[in-house]
Structure formats: C-alpha cells, structure tokens
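Student: Could you go through this structure with me, taking a helix to begin with and then the cores?

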Amino acid sequence: MTAVIKPAPVRKSVKVGAPIERAFDIFTTGLGRWWPRSHSIGKSPIASAVIEPRAGGRWYEIGEDGSECDWGEVLAWEPPTRVLLAWRIGVDWQFDPKLLTEVDVRFTAIGDGETRVELEHRQLENMGEAAAKAREVFDSEGGWGGLLAAYRSAVETP
Amino acid sequence: MSYDYAAMVALADPTRRKVFELVADRPRSVAELTRVLPVSQPAVSQHLRVLREARLVRAEARGASNIYHVDPQGLASMRAWLDRMWDDALDAFKQEIGSAKEQAR
C-alpha cells in the first residue's frame, strides 16, 4: 500500500475594486507591475514577471541583467474568468520541468465594478515528493506511517 | 521569510540532499551516514546541523550518539511559505488595482 502525502491546497481570496476585465488584465498581463520583488528565484534581482497571454504561454521572471528564469506555463487561458498556471518551482527553489503544481485563479464579478479573485495553489503533494527527491521513500514502509500522519496533521492545521 | 527559505536552501546542496535522502530512507547515526558518503564525519555533522536548523531532520539521543530522523515540520513549512507568499502577492495585486484606479480618475 502506497502512502500518499497530500497537503491541503493553499486557498486565497481577495475582493478588488475593479471590473472583472480589468482585474483579469492586471493580474495576468500586468503581473510585472505588482509581483513582489522579494519573490524571485533568479540569480539576478527581479526586474519584472511575465504571464504570456495564451494557453501554452510561458510564466517567468526577468532579472535586472535581462536573464529569464522560468516558473512554469499557462495551462488554461479563459479571460476574463480564469487563468490556470503551472508552478514548477521545487523546494530547492529551482525550476524543475518535471514538477507540476497548479495555480488556479478565478475571477467573479460582484456587483458594480468589483471583482472577487479566488486563488488555489494545489497539488503541493508533488512538491513534497520533490522535497524528498526520493519517491521510493514514500512508497517504502521505512517508518513513514507515523511520519505521514504527523505531516498530514501539520499541513492541514489551519 | 528567512526560516522557511532555509528548508529550500538546505536541500539545494547535492551532498546535503543525499544526507537528507539517506535519513528519509531510514533513521541513521552520523557514523552510518559517513560510511556511505564520500565526505568526512565533521562534514556530515555540519550538513546535519544545517538540515536540523531547517527542521528537515531531528536528532534523537541513543546511547552516546544521535540517531537522525526526518522532521515533518520542514515539509510543512514549505506549504506555510507558499501560503504567506500568496498573501503578499495578492496584497500587492490589490494595491496595484487601487492605484491604477486613482490614476484613471
């Protein structure tokens, strides 16, 4: 029997004072205007961040030296209601094309010029596997039963 | 965010990741780890210290030596880091929308 580490997805919601089209545009094509500069994986300090506006488009940061560092790609592009992104950054803080976690962002118009943005970062269990860099470890008995139970309760505690 | 970062940085070093994998495979002592790694015992101890500080492993005293186990706290902290990262990011997004609206007026 294979034990599966399954951390709860990260879920966030924010209400913004803009119509849905504008909220979607600023989130996606305007990413570089607001993405915190502290959240960077490149060797050079981050100058901007880009989501290419199409399914299959790249999602990456641009360093001050012009270098580009991939984060993942656009899995679904459904303006102005949804963008689904692949986040392929591992726990060693490197881009890993084999790692897939998903960031699902949904936009809902609420009343006059307001939009609710709901974000879910899921499949974090894939990151847990990358963390161990040893999938067989999770498949082996090796005393992981208790560990997994402890881990699950730790990550699911709100 | 220095602490949660530590788990990721700790695993970036290939030798340290190997130490972590071995400990994840089953609990081991420094001496056991040194036997299967191409580095000295002080070096193994140093890697374990970094992994401990990142809360990826924990030590349990057994007789004269420590036995190292995987610490689930380190993995949980990675999720916590992402949780905070998205808080920061959405706060910044909301502010950008607010300032864009002011400019439009």
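**A helix and two cores**

Tutor: The 13 residues of α4(B) should span 18 Å at 1.5 Å a residue, and the end C-alpha atoms are 18 Å apart, which agrees; the expected span is 1.5 Å times one less than the number of residues, and helices are DSSP runs (H or I, at least four residues), as strands are (E, at least two), numbered from the N terminus. The model is predicted, so local features need pLDDT of at least 70 and side-chain atom pairs pLDDT 80 or more, while totals for chains, interfaces and linings use all residues. Residues are numbered from 1 along each chain as written, with chains lettered from A and ligands numbered from 1 in the order written.

Student: Within what arc do the buried residues of α4(B) fall?

Tutor: B:Val44, B:His47, B:Leu48 and B:Leu51 are buried (20 or more other C-beta atoms within 10 Å; exposed means 12 or fewer, partly exposed in between, with C-beta atoms placed from the backbone). Seen down the axis, by the directions from the axis to the C-beta atoms, they line one face, because they fall within an arc of 100 degrees.

Student: Which exposed residues does the face turned away from the buried side of α4(B) carry?

Tutor: An α-helix has 3.6 residues a turn, so residues three or four places apart point the same way. On the face of α4(B) turned away from its buried side, the exposed residues are B:Pro42 and B:Arg49.

Student: How many residues has the largest nonpolar core?

Tutor: A nonpolar core joins buried Ala, Val, Leu, Ile, Met, Phe, Trp, Tyr and Cys residues through C-beta atoms within 7 Å. With A:Phe27 and B:Phe93 among those with the most contacts inside it, the largest has 28 residues.
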